[in-house]
Amino acid sequence: MSMTDLLNAEDIKKAVGAFSAADSFDHKKFFQMVGLKKKSADDVKKVFHILDKDKSGFIEEDELGFILKGFSPDARDLSAKETKTLMAAGDKDGDGKIGVDVKTQLSR
């Protein structure tokens, strides 16, 4: 399954483009722009599993830095600051990783 099986390709392109500048990433706006806020919890979980590159059931900080590439291969990497901000927003128990249920909450 690819990201465009779940989300509109044009929405992804616009969202990735909107955050192409370093340190401009805002996860709430990004997830809204790609259409995740309108998706069912099941679809959001499918997106999570696409982003979980090592298939561990969690997104760790090293995977998080490449999250935009999960939506579009030519997207930029997140900066260290953006990655830490996103991790802080999603890692509610402080274990250094984001689980599928927390990711679902981040997109809402």
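## A guided tour, starting at Glu63

Start by selecting Glu63, which sits in helix 5, residues 61–64. The model on your screen is a predicted one. Is Glu63 buried or exposed? Its relative accessible area is 10%, so Glu63 counts as buried, the limit for that word being under 20%.

**What surrounds Glu63**

Show the residues that touch Glu63. Setting aside neighbours within four places in sequence, Glu63 is in contact with Leu51, Asp52, Lys53, Asp54 and Phe58. Now zoom in on Asp54. Its backbone nitrogen is 2.9 Å from a polar atom of the Glu63 side chain.

Next, colour the annotated positions. The UniProt record, an unreviewed entry, puts the feature "binding site" at Asp52, Asp54, Ser56, Phe58 and Glu63. Three of these names, Asp52, Asp54 and Phe58, also appear among the contacts of Glu63.

**Along the loop: Ser56 and Lys55**

Move to Ser56. This residue belongs to the loop that runs between helix 4 (41–51) and strand 1 (58–60). Which side chain does Ser56 meet in a polar contact of 3.0 Å? It is the side chain of Asp54. So Asp54 appears twice on this stop: its side chain joins Ser56, and its backbone nitrogen lies 2.9 Å from a polar atom of the Glu63 side chain. Ser56 has a relative accessibility of 34%, and therefore counts as partly exposed.

Step back to Lys55, in the loop between helix 4 and strand 1. Lys55 is exposed, because its relative accessibility is 58%. Check its backbone too. Most residues other than glycine have a negative phi. Lys55 has a positive one, near 55°.

**Next to Glu63: Asp62**

Return to helix 5 and pick Asp62. Its relative accessible area is 57%, so Asp62 is exposed, whereas Glu63 in that helix is buried. Draw a distance from the C-alpha of Asp62 to the C-alpha of Lys97. The two are 35 residues apart in sequence, and the line reads 9.5 Å.

**Into the interior: Leu68**

Now select Leu68, in helix 6, residues 67–71. How accessible is Leu68? Its relative accessibility is 0%, so it counts as buried. Show what touches it. Beyond residues up to four places away in sequence, Leu68 touches Phe19, Phe25, Phe30, Ala75, Arg76 and Leu78. Then add Val16 to the view: its C-alpha is 6.9 Å from that of Leu68, although 52 residues separate them along the chain.

**Helix 2, face by face**

Val16 leads to the next stop. It is one of the buried residues of helix 2 (residues 9–18), along with Ile12 and Ala15. Look down the axis of helix 2: its buried residues fall within an arc of 95°, so they line one face. An α-helix has 3.6 residues a turn, so residues three or four places apart point the same way.

Turn the view to the other side of helix 2. Lys13 and Lys14 are exposed there. Turn back to the buried residues, and find what they pack against: helix 1 (3–6), helix 3 (27–33) and helix 6.

Finish this stop at the start of helix 2. Select Asn8 and Glu10. A side-chain oxygen of Asn8 comes to within 2.7 Å of the backbone nitrogen of Glu10.

**A second positive phi: Asp23**

Go on to Asp23, in the loop between helix 2 and helix 3. Asp23 is not a glycine, yet its phi is positive, about 60°. Its relative accessible area is 46%, so Asp23 counts as partly exposed.

**Zoom out**

Now show the whole chain as a cartoon. How many helices and strands does it have? There are 8 helices and 2 strands. In sequence order the pattern is α-α-α-α-β-α-α-α-β-α.

Along the principal axes, the C-alpha trace spans about 35 × 30 × 25 Å. The radius of gyration is 12 Å, which agrees with the value near 13 Å for a compact globule of 108 residues.

Switch to a surface view. The accessible surface is about 5,800 Å², and carbon and sulfur atoms hold 53% of that. Of the 108 residues, 46% count as buried. Last, consider contacts between residues at least 6 apart in sequence: 56% of them join residues at least 24 apart.

How values were computed:
Residues numbered from 1 in each chain as written. Predicted model: local features only at pLDDT ≥ 70, side-chain atom pairs only at ≥ 80, totals over all residues. Heavy atoms only, no water. UniProt positions renumbered as here; feature names shortened; annotations may be inferred. Helix = DSSP H or I, 4+ residues; strand = E, 2+ residues; numbered from the N terminus. Buried < 20%, exposed > 50% of the residue type's maximum accessible area, 1.4 Å probe, protein only. Polar contact = N/O pair within 3.5 Å; in protein donor to acceptor, adjacent residues only side chain to side chain. Contact = heavy atoms within 4.5 Å. Rg over C-alpha atoms; globule rule 2.2 N^0.38 Å. Areas by Shrake-Rupley, 256 points an atom, 1.4 Å probe, with all protein chains shown as cover. Arc of directions from axis to C-beta.
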